[in-house]
Amino acid sequence: MAGRINDDDVKAVRDAVPIDAVVSEYLQLRNAGGGNLKGLCPFHDEKSPSFHVSPAKGLYHCFGCQEGGDTVDFIMKIDHLSFAETIERLASQAGITLRYEEGGYTPGRQQGERTRLVEAHKAAAQFYVDQLDGTEAEIARKFLAGRGFDQSAAQHFGVGYSPAGWDHLTRFLRGRGFSDQELVLSGLSQEGRRGPIDRFRGRLMWPIRDIAGEVVGFGARKLRDDDNGPKYLNTPETPIYRKSHVLYGIDLAKKEIAKTSRAVVVEGYTDVMACHLSGVTTAIATCGTSFGEGHIKILRRLLMDHSGSEVVFTFDGDAAGQKAALRAFEDDQKFAAETSIAITPGGMDPCDLRLAQGDQAVADLVESRTPLFEFALRHVASRHNLDTTVGRAAALDEAAPIVARIKNSSIQHESAVQLAGMLGILDTQFVVRRVSQLARWARERGREGGGPDQGRPQRRGQAAPPEPARPAAPRGPALNLRSPARRVERELLKLALQRPDLVSPAFDAYGADEFTAPPYAVVRRCIEEAGGATAGAADQSYVPRVREAAPDDTVRALVTELAVEPLLTRRDPDEAYAGVQLATVRIAAVDARIADLEGAARRCEAQGDHAGSAAMLQELWVLQQYGKTLRERGAAAL
């Protein structure tokens, strides 16, 4: 039976590790007055810091989500550790030797799973580093040298080499007391015909560390032609490694990111090395996956979401690089930071650029960045024939909402003027008014529904919200979500959650933009991420999946409410009742689009753009006929 950690040792650990030192490993903390510190809560998404730390009391509390406790509670929650695992980690950091009651201490038997896996990775990382000096690793050293990295660079980043044999690391870790089950679970070994064998063999190895600096995985680069594996082989998903939640180099870059309020996102391990060695010490990279939501959360906590922060993406200038840049732009509004793009010249990545032109060229690349929205505008313009009025109008329809998303009003105005010139539209003020109107509508919809816009971080030039003095009011469901104007949308979502068999498959063809209340649009997207109403009609785990897809607790609470709230019919709902809700929501969406087109057509006529007006009138006629059919036939016309 595992022994219990001595109570005095537990107290010594609590007292020895300052809570602000622990918390600052995960997020940036700033002075909150009264001896306290504050930062963006790591347990829920927020746009202003409501997570407070009291070093004097050794406590933390979030005034947004009500999470709180001491150092041990924080580590247990953020890293999903048991109490014993947390005490063991903190004791190791503080240099305290723990005493175990009921028979003493046997590491392999008493340490928690996560602790064991982390220790196995730590031992493996040192093993790989030691192998880099061997004769067999000459090919690895040549690879590094050919890319401009000497021995000191390899040591700085912990680069190593995995021997080409079948089980060198496996036998080494067995000798350190790790079981075969632990080695396979960690991803360091894999099952072979006669037992576990090394997962990585004959490759250059980069240790991947979490934000606290612990090795949780590896990236391995192929070196030999007879290696039939992929060019890069990464650790598989394990209890301690999820590629969507780690950033290579974050342990080295986090302090400089917090200090300078800038993060540079590159595409590979050698690019991170090249940037850091060139003085760009805020560079990080994803590990075999595209930049996504989990990575954004890591950076937001470090950047603090204040108005002067910036995220710079570097991509090759080829088609794949441009596609990656546009994917990054889709996540632009999830940052409070300004987002920019730096396109490497001649298709070179930062590592190639450093080799060809030196350290200064890499630093200059970052400084030559272009705002990401400007890059997106140019991409939109390139896809339309700007020599025709129809092409210019179509480009404006697509590009104006991009400019309207810019929160800084002065930058928004200048960008609208720039857009007019880019598209060749002589009436600059028309474009400026169009953008301003779209921005105003977006703000009004955000205030009206209290939905996703309310949860977005402020951007440069936007005043920061007041310091939270009490828990933030829930964004929904607000009273206006139950108003007659929203009732049918609400009823349709309730049906989609409670009786998906009645609204599928028609419901799954509805876009989020057909729900005028932003919170309802978010719920619609959650249903889509869960597989849609069609999948939910025969799946008991459907509603839990919808809840899991919710971006925050507020939306999750709204999903729960819609799933249990009684429907507005006194009899059992049937297909006829569901059809009325489906048709009514679609009619409202069609009517809204008709109103938009009528206004746009009038503006085109006033500007003498007869071709643009004619195209809009044609679409308008089609929509009017569709609306008439919907009113006459109801759901049968869907």
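Guide: Let's start with a rule: two strands pair if DSSP finds at least two bridges between them. Keep in mind, too, that this is a predicted model.

Visitor: How do you know that β7 and β8 pair?

Guide: Count the bridges. Strand β7 (residues 189-192) and strand β8 (residues 195-198) are linked by four bridges, and the rule asks for at least two, so they pair. Their sense is antiparallel. To see one bridge for yourself, look at Ser 189, whose partner in β8 is Asp 198.

Visitor: What joins β7 to β8?

Guide: A hairpin does that, by way of two residues.

Visitor: Which strands does β9 pair with, and in what sense?

Guide: On one hand there is strand β6 (residues 160-162), joined to β9 by three bridges. On the other there is strand β10 (residues 215-222), with seven bridges to β9. Since the rule is at least two, both count as pairs. β6 runs antiparallel to β9, and β10 is also antiparallel to β9. Within these pairings, Gly 160 faces Met 205 of β9, while Trp 206 has Gly 219 of β10 as its bridge partner.

Visitor: What sits between the strands in the hairpin of β9 and β10?

Guide: Five residues, and in this hairpin Gly 213 takes a positive phi near 95 degrees.

Visitor: Why is β9 called largely enclosed?

Guide: Because six of its seven residues (203-209) are buried. Buried here means under 20% relative accessible area.

Visitor: What makes Cys 62 buried rather than exposed?

Guide: Its relative accessibility is 0%, and the cut-off is under 20%, so Cys 62 counts as buried. Cys 287 passes the test too, at 1%.

Visitor: How many disulfides are there in the whole structure?

Guide: Zero turn up in a search of the whole structure.

Visitor: Why is there no bond between the sulfurs of Cys 62 and Cys 41?

Guide: Cys 41 holds the closest cysteine sulfur to that of Cys 62, yet the two are 3.6 Å apart. A disulfide needs the sulfur atoms within 2.5 Å, so this pair is too far for a bond.

Visitor: Is Ala 356 buried or exposed, and how do you know?

Guide: Ala 356 has a relative accessible area of 54%. Exposed means over 50%, so Ala 356 is exposed. Look for Ala 356 in helix α15 (residues 350-357). Its C-alpha atom is separated by 10.0 Å from that of Gly 148, although the two residues are 208 apart along the chain.

Visitor: And Glu 310, buried or exposed?

Guide: Buried, because its relative accessibility is 9%, against a limit of under 20%. Glu 310 belongs to strand β14 (residues 310-316).

Visitor: What makes the link between Glu 310 and Arg 262 a polar contact?

Guide: Their side chains are joined at 3.4 Å. The limit for such a contact is within 3.5 Å, so the pair qualifies.

Visitor: What makes β1 and β5 the edges of their sheet?

Guide: The sheet is open and has five strands in the order β1-β2-β3-β4-β5, paired antiparallel. β1 (30-33) and β5 (68-70) each have a single partner strand, so one side of each lacks a neighbour in the sheet. On average, neighbouring strands here are turned by 25 degrees against each other, direction ignored. Inside the sheet, four bridges join β3 (residues 51-54) to β4 (residues 59-62), with Val 53 opposite Tyr 60 of β4.

Visitor: Which strands does helix α3 lie across?

Guide: Helix α3 (residues 71-78) lies across β3, β4 and β5, and runs at about 115 degrees to β5.

Visitor: Which residues touch the most other members of the largest nonpolar core?

Guide: In that core of 46 residues, they are Val 23, Phe 51, Phe 74, Ile 250, Ile 257 and Leu 299. Helix α13 (residues 293-303) supplies the largest share, five residues. Beyond its neighbours within four places in sequence, Val 23 is in contact with Leu 29, Phe 51, Val 53 and Phe 74. A second, separate core has 43 residues, including Val 118 and Phe 157.

Visitor: How many helices and strands does the protein chain have?

Guide: The chain has 29 helices and 16 strands, and 49% of its 638 residues count as buried.

Methods: Residues are numbered from 1 along each chain as its sequence is written. This is a predicted model: local features need pLDDT of at least 70, side-chain atom pairs count only at pLDDT 80 or more; totals for chains, interfaces and linings use all residues. Side-chain values use heavy atoms; hydrogens and water are left out. Buried means under 20% relative accessible area, exposed over 50%, partly exposed in between (1.4 Å probe, protein chains only). Axes are lines fitted to C-alpha atoms, for helices over the stretch in contact, and angles run from 0 to 180 degrees between N-to-C directions. Contact means heavy atoms within 4.5 Å. A nonpolar core is a set of buried Ala, Val, Leu, Ile, Met, Phe, Trp, Tyr and Cys residues joined through side-chain atoms within 4.5 Å. A polar contact is a pair of N or O atoms within 3.5 Å; within protein, one must be able to donate a hydrogen and the other to accept it, and residues adjacent in sequence count only if both atoms are side-chain atoms.
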